[in-house]
Amino acid sequence: MRQKTQKQFLQKNIVVFVLAIVCCLLWGSAFPVVKLGYAAFAISSGDTASQILFAGLRFALAGALAILIGSVLKKRFLLPQKASLPSIGKLALVQTIAQYLFFYIGLANTTAVKSAIIGGTSSFLAILIACFLFRQEKFTKAKFVGCLLGFSGIIVVNLQSLGSVSGFTFFGEGFILFSNIAYAMSSSMIKIYSKQEDPVVLSGYQFLFGGIVMTIVGLLLGGALPHITMQGMLMLIYLALVSAIAYSVWGMLLKYNPVSRVAVFGFMIPVCGVLLSALLLGETDQAFHLQSLLALLLVCAGIIIINKVRPPKKNAALYKN
């Protein structure tokens with residue numbers, strides 16, 4: 001009965017809207033805060049090992065926090081089922097290790113504004129993968145138009161340099177795009193695995209496992225936090241909370257809703273990322289450059305189109321949970 005009530009609550013339009021927007025606001029803030037974290041710990045853009053270590057510590061802490069918060073809310077210590085361990089391992093490999101190895105290295109080699117805008121592709125990639133790879137939904141004309149507009153935004157933002165920043169680079173914008181592919185894969189995986197396991201348990205333990213692996217890899221490669229300060233530690237804790245809260249909530253939304261219905265709200269990630277980058281990093285020239293604004297409009301228009309058009313009744317079975 002409790003499961004049915006939770007499902008009905010998390011399928012309400014206003015609930016999906018509010019929770020998804022909160023998640024996107026948190027994720028959008030991660031772009032500038034990671035940059036500020038690099039500066040606080042004195043991690044240079046070319047120090048890949050230290051970037052991996054920083055990411056590993058963040059996600060190991062995020063996993064511990066997600067498990068702790070979930071245990072307090074449910075009034076019992078959260079432990080995964082034995083049958084869920086392989087799923088947690090796969091999810092950790094894709095959602096944490098692959099996604100954030102690419103993200104942290106990519107973000108170090110491009111600006112937070114461009115990373116936030118390219119991050120808008122994650123919504124479209126999640127839809128494409130859910131439709132064609134996992135066959136969880138039908139690919140409609142509205143989704144095609146939305147994806148086309150979104151990818152047009154990525155092309156626009158890389159047509160020429162933004163201010164003094166160069167165009168597309170493999171280890172910068174390219175790695176951010178690879179990170180989005182990993183995220184898109186994980187969305188469909190969460191949808192599948194959450195049928196058998198609590199999304200908070202999945203989120204917490206995959207972060208903990210993935211974070212530990214990344215921390216070990218970073219240390220073995222010679223990574224370090226050259227300059228430890230209270231400001232840097234607070235940023236690390238904030239980033240851990242962003243992951244612990246946002247991914248747990250996002251996982252619950254994916255459990256009870258079609259991937260496309262949740263993923264389309266990702267248009268707020270680049271919007272929040274750009275605005276917060278402008279506010280916190282002083283990247284106002286890029287944030288309000290004509291190309292950046294046009295790219296954001298294209299990305300947002302694409303996802304709004306997908307969100308407003310409902311699937312035809314004859315295909316409704318594809319959207320049942």
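Analyst: Helices (H or I, at least four residues) and strands (E, at least two) are taken here as DSSP runs, numbered from the N terminus. The model is a predicted one, in which local features need pLDDT of at least 70 and side-chain atom pairs count only at pLDDT 80 or more, while totals for chains, interfaces and linings use all residues. Residues are numbered from 1 along each chain as its sequence is written, and side-chain values use heavy atoms, with hydrogens and water left out.

User: How many helices and strands does the chain have?

Analyst: The chain has 14 helices and zero strands, and its pattern along the sequence is accordingly written α-α-α-α-α-α-α-α-α-α-α-α-α-α. Of its 321 residues, 56% count as buried, where buried means under 20% relative accessible area, exposed over 50%, and partly exposed in between (1.4 Å probe, protein chains only). Among contacts (heavy atoms within 4.5 Å) between residues at least 6 apart in sequence, 88% join residues at least 24 apart.

User: What average pLDDT does the chain have, and which elements have the lowest and the highest mean?

Analyst: pLDDT is the predictor's confidence in each residue, from 0 to 100, and where it is low, the predicted coordinates should not be read in detail. The chain averages 83, with 88% of the residues scoring at least 70; among its elements, helix H13 (residues 284–287) has the lowest mean, 62, and H9 the highest, 94. Over residues 311–321 the pLDDT is below 50, although this stretch has 17 contacts in the model beyond near neighbours in sequence.

User: What span should helix H3 have at 1.5 Å a residue?

Analyst: The expected span of a helix is 1.5 Å times one less than its number of residues. For the 27 residues of H3 (residues 48–74) this gives 39 Å, which agrees with its end C-alpha atoms being 39 Å apart. H3 is followed by Lys75, whose phi is positive, near 60°.

User: Which other residue has a positive phi although it is not a glycine?

Analyst: Most residues other than glycine have a negative phi, and most peptide bonds are trans. Ala42 has a positive phi of about 60°; it sits in the loop between helix H2 (13–40) and H3, and is partly exposed at 42% relative accessibility. Lys75, by contrast, lies in the loop between H3 and helix H4 (85–108), where it is exposed, with a relative accessible area of 78%.

User: How many salt bridges does a search of the whole structure find?

Analyst: Side chains of opposite charge can pair when their charged atoms come close, and a salt bridge is counted when a side-chain nitrogen of Lys or Arg is within 4 Å of a carboxyl oxygen of Asp or Glu. The search finds two. In one of them Lys74 pairs with Asp198, the closest N and O atoms being 3.3 Å apart; Lys74 lies in helix H3 and Asp198 in the loop between helix H8 (170–193) and helix H9 (199–220), so the bridge ties together parts that are 124 residues apart in sequence. Lys74 is partly exposed, with a relative accessible area of 32%, whereas Asp198 is buried at 17%.

User: Are the partners Lys143 and Glu137 buried or exposed?

Analyst: Lys143 and Glu137 meet in a salt bridge of 3.0 Å, N to O, and Lys143 counts as buried at 5% relative accessibility, as does Glu137 at 6%. The C-alpha atom of Lys143 is separated by 8.6 Å from that of Leu128, 15 residues away along the chain. Leu128 belongs to helix H6 (residues 121–133), is partly exposed at 23%, and touches Leu133, Phe139, Cys147 and Phe151, not counting residues up to four places away in sequence.

User: Which elements give two or more residues to the nonpolar patch on the surface?

Analyst: Patches are made of residues with over 30% relative accessible area and no salt bridge, like charges being joined within 9 Å and nonpolar side chains (Val, Leu, Ile, Met, Phe, Trp, Tyr) within 5 Å. The nonpolar patch, whose members include Leu61, Ile69, Leu73, Ile228 and Met230, has about 890 Å² of accessible area together, where areas come from the Shrake-Rupley method with a 1.4 Å probe and, for residues, only the protein chains shown count as cover. The elements giving two or more residues are H3 and helix H10 (230–256), with the largest share, six residues, coming from H10. Met233, found in H10, is partly exposed at 33% relative accessibility. The chain as a whole exposes about 14,200 Å², of which carbon and sulfur atoms supply 71%.
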